[in-house]
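Student: I would like to see how the words used for a model are tied to cut-offs. Could we go through some together?

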Amino acid sequence: MQRNIQFTSSVMAVGATVRGIDLNQPLTTDTHDALYDLWLQHGVLVFADTPATNDQHLALSAVFGESEQHPFPEILCPEEPLLIELGGRNRGTAFLYNGNELRLGRLPWHRDTGYVPEVCKGAMLRMLSIPDEGGETGYADTEKAYNHLPEGLKRRIENLEAKVSLRLGPFTQQRPGAFWTTVRYPTPEECPYPQQPHAHSNAVHERYPTVVHPVVMRHPETGNPNIYLSPTYVDEFLGLSHRESEYLLSELTGYMLDPSVIYIHQWKPNQLVVWDNRRMLHAAYGYDPKYSRRGLRTTMKESLCSGRYYESLAADFKPATLIAD
Ligand SMILES: O=C(O)CCC(=O)C(=O)O
Ligand SMILES: [Fe+2]
């Protein structure tokens, strides 16, 4: 039977591009199903040449999952609380990375809401204002990364769990997942552009107590295993010493951030990007504060709860052992 599909797609090394969607027309059931299948298959979809209003953005996002309100009230979009605002009014603080890279909006590799037990399902981002240079969003496929692991390493992490806490801040240098080695506040001469005071504080951490997540996650829909780590948030692995944990984390992060499993998206007008947060890591490369950038993003609710609070660990928990290859 002929299917009524309203788009064409092209597959990239990581992710796929979708063209032809017109959000002024209702999407057919076949289009809906084919988009969802393509998303599960590739982890990230770029909708090219797809102008959208906030309502159309929310409607397209609903093809992939039900929207939920993001846990940070301070970043909700005032006109539409199911969207968060990145940049724009939430311009943030500029930092000086590696001694000479002045950047706003830079975020290390992470999985959204990886610091709560119910990690969100996915997110759809659209950029309303794009800087003249920079401002890319990177996506890393942790399923492809898992498939690259040597068998011995797969066995070592099979039943391992990671202790995760909200440490996503600018001062993550020398943490796996940070793509810089030094970071500091710029002097007023180094950054003569408007910015906001730095808001990340211990208070944020206290709102989100430490959680535990499995290191290997079988995707709830495809069943495919991935390295389910958000490098920036990992404190250590349960049952391993801090040193062993740091070593293992950088080893696994090396696979997760190998260029062969990364797609770096350079934003153009009228695009929306949707990613499967159960599988993909992402990072914001940031931009020179002489430019501005504004994006709006949905957050999708996941019904499967992959983690638990650290405090509620069972008393009979048996620590994992690190078996040498
Ligand atoms: O600003 C970006 O490019 C991405 C920011 C981010 O981490 C997100 O939207 O979840
Ligand atoms: Fe994010």
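Tutor: Gladly! Buried means under 20% relative accessible area, exposed means over 50%, and partly exposed is in between, with a 1.4 Å probe and protein chains only. This is a predicted model, where local features need pLDDT of at least 70 and side-chain atom pairs count only at pLDDT 80 or more, while totals for chains, interfaces and linings use all residues. Residues are numbered from 1 along each chain as its sequence is written, chains are lettered from A and ligands numbered from 1 in the order in which they are written, and side-chain values use heavy atoms, leaving out hydrogens and water.

Student: Why is H282 called buried or exposed?

Tutor: H282 has a relative accessible area of 6%. The limit for buried is under 20%, so H282 is buried. D112 also counts as buried, at 6%, and so does T210, at 15%.

Student: What makes H110, D112 and H282 donors of the iron ion (ligand 2)?

Tutor: Donors are N, O and S atoms within 2.8 Å of the metal (3.2 Å for Na, K and Ca); water is not among the atoms, so sites may look incomplete. H110 (NE2), D112 (OD) and H282 (NE2) lie 2.1 Å from the iron ion, and they are its protein donors. Along the chain their spacing is H-x1-D-x169-H. D112 is in the loop between strand 8 (107-110) and strand 9 and H282 is in strand 19 (residues 280-284), so this pair ties together parts 170 residues apart in sequence. Strands here are DSSP runs of E with at least two residues, and helices are runs of H or I with at least four, numbered from the N terminus.

Student: How do you know that T137 makes a polar contact with ligand 1?

Tutor: A polar contact is a pair of N or O atoms within 3.5 Å; within protein, one must be able to donate a hydrogen and the other to accept it, and residues adjacent in sequence count only if both atoms are side-chain atoms. A polar side-chain atom of T137 is 2.6 Å from an oxygen atom of ligand 1, so the pair meets the limit of 3.5 Å. For R297 the distance to a ligand 1 oxygen is 2.6 Å, and for H282 it is 3.0 Å.

Student: What makes strand 9 and strand 18 a pair?

Tutor: Two strands pair if DSSP finds at least two bridges between them. Strand 9 (residues 122-129) and strand 18 (residues 272-276) have 5 bridges, in the antiparallel sense, with M124 opposite V274 in strand 18.
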